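Trainee: Could you take me through one part of this model up close, the place where two helices pack against each other, and then show me how it fits into the rest?

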Amino acid sequence: MSQKVLLNQTEVHITLHRLACQLLENHLDFSNAVLIGLQPRGVYLADRLAQLLKEDYNIKDLQLGYLDITFYRDDFRRGDKPLAANATNIEFIVEDKNVVIIDDVLYTGRSIRAALTAIQAFGRPKNVELLCLIDRRFSRHLPIQPNYRGRQVDAINDEKVKVCWQENDGEDAVYLINK
Amino acid sequence: MSSLSVDHLLGIKYVTPEDIQLIFETADQFKEVINRPIKKVPSLRDITIANLFFENSTRTRLSFELAEKRLSADVINFSAASSSVKKGETLIDTVNNILSMKVDMVVMRHPNPGAGLFLSKHVKASIVNAGDGAHEHPTQALLDCFSIREKLGDVAGKKVVIVGDILHSRVALSNIFALQKLGASVKVCGPKTLIPKYIDKLGVEVELNLEKALQWCDVANMLRVQNERMDSSYFPSSREYSLQYGLTKAHLDRLDKEIVVMHPGPINRGVEITSDVADSNQAIILDQVENGVAVRMAVIYLLASKIKRDDS
């Protein structure tokens, strides 16, 4: 097994700032926008972006939620194990809001398809955007593309993209792992 | 994530403590789902469930049906009163006829103890026991323990007294198994005539005095007197039962601690529990009902994930 660094700590931080600024460009004071981090790994990215927007860009009253898509997935009963759910925590209604769905890696697009269905349980958004840190090109099963991307990579199917976060994995970095 | 160790939920006796924890962790997520503006998820779109009720039920049946619908399963209902059972059909024939219509899971309530177990050996479907005679009512015990966990943080180490008609109660037996598997200590309390003779073999203590039982416990689960199952007189009158074993506000006021009061319903107000207790903040009776839907969703979801797909 070999691994290659896609983004080191400095690059992760620069990318996060850029993504935060791109969000600001489109949503200004976030009065009508909400951030939704996808469980389990998208929430770290969502937390970081929310923290940056609040502390470095002085956004007050930023609404952030966590969405678990387990019960909306299209592979129920297709594996040996039941699909384990994580906590959903959305304490607001997304009716008529600009929703930004946030996930760490965009791969087949199936999680995002599930998230688009799941978010409807919280209202009818005005529009929905997608932000991802890593966009794996040429691997989509569905016609889904991000509005904001940190880095685009051409990874083949045997390869795995691993996003590490300081608070969970002890460092901020993104690796391409060859299995 | 691990799977359940069983393919059917026939009784708490047959499941492991890990199974119960898995059901609780899954139910936590479903409880959040049923509190959303849209309380439905599409997980079980390709599963059909038959609810077979050979005995009357309101709450359990509605709770199961709601749980199934909130998981997007297709649901068919059957009650013995309006069925061919009256025309002499056997249980296996009835169920096999229903399964021929491509049903994946059966939720069954039946007056005979062991009916679910019997069925699981003879038909090809996942069986959930929704009460079999005076034997087990596993989902009730799961939702009771889930409610205790929610209220007190954990079931382990808690002291629970089950009060009332233990003899005719499937809720009592399933609760005893579940509470013990989760590490709680259990006492039963009621008139001697309504306490099964060898209940101490289950590791349960008997306390005939309600006052003493309440002093000991953290949680009191008040059971209904099941007049419909009584073939003879077990106590002189409802009034006398109520005086000895009915839970009143005065009982709670005399305690130096606040205990949790539970009841599986339906309540006979003024018999096993007075109205002021049933409606007090210490009673979590309606929480139990809400949790029932979440817990049943978890049970059905986890069992359904073990059903083989036709194309696999």
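Mentor: Sure, start with H1(B) and H11(B): in this predicted model, they pack with their axes 8 Å apart, at an angle of about 120°. That angle is why the two helices, H1(B) and H11(B), count as oblique to each other. Their crossing is right-handed.

Now look at who does the touching. H1(B) brings B:Leu22, B:Ile23, B:Thr26, B:Ala27, B:Phe30 and B:Lys31 to the contact. From H11(B) come B:Asn291, B:Ala294, B:Val295, B:Met297, B:Ala298, B:Val299, B:Tyr301 and B:Leu302. Sort the residues in the contact of H1(B) with H11(B) by class and you get 11 nonpolar, 2 polar and 1 charged.

H11(B) has another partner to look at, H5(B). Those two helices pack at an angle of about 115°, again with axes 8 Å apart, and H5(B) passes H11(B) in a right-handed crossing. On the H5(B) side, the contact uses B:Thr139, B:Leu142, B:Leu143, B:Asp144, B:Phe146, B:Ser147 and B:Glu150. On the H11(B) side you'll find B:Asp287, B:Gln288, B:Asn291, B:Gly292, B:Val295, B:Arg296 and B:Val299. By class, the contact of H5(B) with H11(B) comes out at 5 nonpolar, 5 polar and 4 charged residues. If you're clicking through the model, select B:Asn291, B:Val295 and B:Val299: they are among the H11(B) residues listed for the contact with H1(B), and they also turn up among those listed for H5(B).

Follow H5(B) onwards and you reach H6(B). H5(B) covers residues 138–152 of chain B and H6(B) covers residues 170–181; they pack with axes 8 Å apart, at an angle of about 50°. That angle makes H5(B) oblique to H6(B), and the crossing of this pair is right-handed. Here H5(B) offers B:Pro138, B:Gln140, B:Ala141, B:Leu142, B:Asp144 and B:Cys145, while H6(B) answers with B:Val171, B:Ser174, B:Asn175, B:Phe177, B:Ala178 and B:Leu179. The class count for H5(B) with H6(B) is 8 nonpolar, 3 polar and 1 charged. B:Leu142 and B:Asp144 are worth a click too, as they are listed for this contact and also for the one with H11(B).

Next, zoom out to the domains. Chain B is split into domain 1, made of 12–135 plus 290–304, and domain 2, which runs over 138–285. The C-alpha centres of the two domains of chain B lie 25 Å apart. Between them, 20 residues of domain 1 are in contact with 20 residues of domain 2. On the domain 1 side, the elements of chain B that give two or more residues are H1, strand E4 (126–132) and H11 (285–304), so our starting pair of helices is back in the picture. That side of domain 1 has 10 nonpolar, 6 polar and 4 charged residues.

H1(B) also has a part to play towards the other chain. Across the boundary between the chains, 16 residues of chain B are in contact with 17 residues of chain A. Helix H1 of chain B (residues 17–33) gives the most to the side that touches chain A, with 4 residues. The residues on that side of chain B divide into 8 nonpolar, 5 polar and 3 charged.

For the overall setting, chain B has 11 helices and 9 strands. Its radius of gyration is 19 Å, close to the 20 Å that the globule rule gives for 312 residues, so chain B is as compact as a globular protein of that length. Its C-alpha atoms fill a box of roughly 60 × 45 × 35 Å along the principal axes. Chain A has 4 helices and 8 strands, and its C-alpha atoms fill a box of roughly 45 × 40 × 30 Å along the principal axes. The radius of gyration of chain A is 16 Å, which agrees with the value near 16 Å for a compact globule of 179 residues.

Last, a couple of backbone spots to check. The peptide bond from B:Gly265 to B:Pro266 is cis, with omega near -10°, and B:Pro266 sits in the loop between strand E9 (260–262) and helix H10 (275–278) of chain B. Over in chain A, the peptide bond from A:Gln39 to A:Pro40 is cis, with omega near -5°.

Technical notes. Residues are numbered from 1 along each chain as its sequence is written. Chains are lettered from A and ligands numbered from 1 in the order in which they are written. This is a predicted model: local features need pLDDT of at least 70, side-chain atom pairs count only at pLDDT 80 or more; totals for chains, interfaces and linings use all residues. Axes are lines fitted to C-alpha atoms, for helices over the stretch in contact, and angles run from 0 to 180 degrees between N-to-C directions. Angles under 35 degrees count as roughly parallel, over 145 as roughly antiparallel, 65 to 115 as roughly perpendicular and the rest as oblique. A crossing is left-handed if the near helix is turned anticlockwise from the far one by less than a right angle, and right-handed if clockwise. Two residues are in contact if their C-beta atoms, placed from the backbone, lie within 7 Å. Ala, Val, Leu, Ile, Met, Phe, Trp, Tyr, Cys and Pro count as nonpolar, Asp, Glu, Lys and Arg as charged, and the others, Gly among them, as polar. Domain bounds come from an automatic or database domain assignment. The radius of gyration is taken over C-alpha atoms; the globule rule is 2.2 Å times the number of residues to the power 0.38.
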